[in-house]
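Subject: Structure for you to look at

Hello,

Here is the structure I said I would pass on. Please open it next to this message and follow along as you read.

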Amino acid sequence: MSSDARRAEYLRTIGIDLWMPRTGAVRGAAVRCAEASPRAQPGPAGDEEAWQRLRAEVLGCTRCALHQSRTQAVLGVGPTRCDWMVIGEAPGAEEDRRGEPFVGRAGKLLDAMLRAIGLSREANVYIANILKSRPPGNRDPLPEEVQACLPYLHRQIELVQPRLLLAVGRIAAQNLLGTDEPLGKLRGRVHRFGERNVPLVVTYHPAYLLRSPADKRKAWEDLKFARAALPRSLTG
Ligand code: SF4
């Protein structure tokens, strides 16, 4: 199957139909898989040790009360150095049980969306949450929990060195950007995050898209916008 046909299949999976002429070229999808397939390289040798230290610290962390109710802390998944980093709010029940972010139905939808632009957690996108421990009953993170946990995310960003951050969902976007603006106003803009001023683009959380499939097309527009925001001169 050609990469265009594969992408059309992924798009159909996420609920976006595209017209395909007999030549196999996809109309209406401006992003080519090959263009979006960015670098994923191992970091310097010392990074492995830094990752091990960070993982041990997070798994044993007691900085906030969430350590009392979690099954396990969830650090992140993906190549330890790559261009794209997806950031959600916190682990849910399934993530807490399995120790990996974005698993279950929402995770599958996120994977399909990412594959539509040539990304996968196995190859070229790192996925993490702001909070590493699950809030009971999946309630929203408290400000003091975010404050306690954010240094871990900053450390992950230092190590991964992403060229683009994709914040998924209102909670992640508002906490990362320190704003109360609604998600609708945060979409479609390139924000900046942290000391490295990493470009940050906002889109919907896949769990929301499962409840509101009519917005999947907007999420697809966000992904294309994010791809275009990745600095072209740095795509390597
Ligand atoms: S949420 Fe973060 S700060 Fe709180 S216990 Fe878990 S790892 Fe530590």
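Which residues point one way from β3, and which the other way? L164, L166 and V168 are on one side, while L165 and A167 are on the other, and all of them are buried. In general terms, side chains in a regular strand alternate between the two faces of the sheet. Before going further, please note that this is a predicted model.

Overall make-up

The protein has ten helices and five strands. Of its 236 residues, 42% are buried. If you take the contacts between residues at least 6 apart in sequence, 73% of them join residues at least 24 apart.

The sheet

The five strands form an open sheet, and their order is β2-β1-β3-β5-β4, with mixed pairing. β2 (125-129) and β4 (191-193) are at the edges; each has a single partner strand, so one side of each has no neighbour in the sheet. On average, and ignoring direction, neighbouring strands are turned by 30° against each other.

As background, strands of a sheet pair through backbone hydrogen bonds, either parallel or antiparallel. You can go through the pairs here in the order of the sheet:

- β1 and β2 are parallel and share five bridges. One bridge pair is G88 with N129 in β2.
- β1 and β3 run parallel and are joined by four bridges. W84 stands opposite L164 in β3.
- β3 and β5 also run parallel, again with four bridges. Here L166 has V201 of β5 as its bridge partner.
- β4 and β5 (residues 198-203) are antiparallel, with three bridges. In this pair R192 is bridged to P199 of β5.

Two strands to look at closely

Five of the five residues of β3 are buried, so this strand is largely enclosed by the rest of the structure. What about β2: how many of its residues are buried? Five of the five are, so β2 too is largely enclosed by the rest of the structure, even though it stands at an edge of the sheet. V125, I127 and N129 point one way from β2, and Y126 and A128 point the other way.

Helices on the sheet

α6 packs on the sheet and touches β1 (84-88), β2 and β5. The direction of α6 makes about 175° with that of β2. Helix α7 (residues 170-177) lies across β1, β3 (164-168), β4 and β5. Relative to β3, α7 runs at about 130°.

The nonpolar core

The largest nonpolar core has 54 residues, and those that touch the most other members are M85, I87, V125, I130, L166 and A167. The element that gives the most to this core is α6, with seven residues.

V125 is a useful one to select in your viewer. Leaving aside neighbours within four places in sequence, which residues is V125 in contact with? They are G78, C82, W84, M85, V86, L114, L119 and S120.

Around the ligand

There are 14 residues around the ligand, and C61, C64, K132, S133 and C149 come nearest. By class, this shell has eight nonpolar, three polar and three charged residues. Helix α6 (residues 143-160) gives the most to the shell, with three residues. That is the helix that also gives the most to the core.

Two residues with positive phi

N138 has a phi near 55°, which is positive in a residue other than glycine. You will find N138 in the loop between β2 and α6. Is N138 exposed or partly exposed, and how many other C-beta atoms lie within 10 Å? N138 has 13 of them, so it is partly exposed.

N197 is not a glycine either, and its phi is positive at about 55°. The place of N197 is the loop between β4 and β5. With 9 other C-beta atoms within 10 Å, N197 is exposed.

A good way to start is to find β3 in your viewer, then work outwards through the sheet to the helices and the ligand.

Regards

Notes: Residues are numbered from 1 along each chain as its sequence is written. This is a predicted model: local features need pLDDT of at least 70, side-chain atom pairs count only at pLDDT 80 or more; totals for chains, interfaces and linings use all residues. A residue is near a molecule or strand if its C-beta atom, placed from the backbone, lies within 6 Å of it. Ala, Val, Leu, Ile, Met, Phe, Trp, Tyr, Cys and Pro count as nonpolar, Asp, Glu, Lys and Arg as charged, and the others, Gly among them, as polar. Two strands pair if DSSP finds at least two bridges between them. Axes are lines fitted to C-alpha atoms, for helices over the stretch in contact, and angles run from 0 to 180 degrees between N-to-C directions. Two residues are in contact if their C-beta atoms, placed from the backbone, lie within 7 Å. A residue is buried if 20 or more other C-beta atoms lie within 10 Å of its own, exposed if 12 or fewer, and partly exposed in between; C-beta atoms are placed from the backbone. A nonpolar core is a set of buried Ala, Val, Leu, Ile, Met, Phe, Trp, Tyr and Cys residues joined through C-beta atoms within 7 Å.
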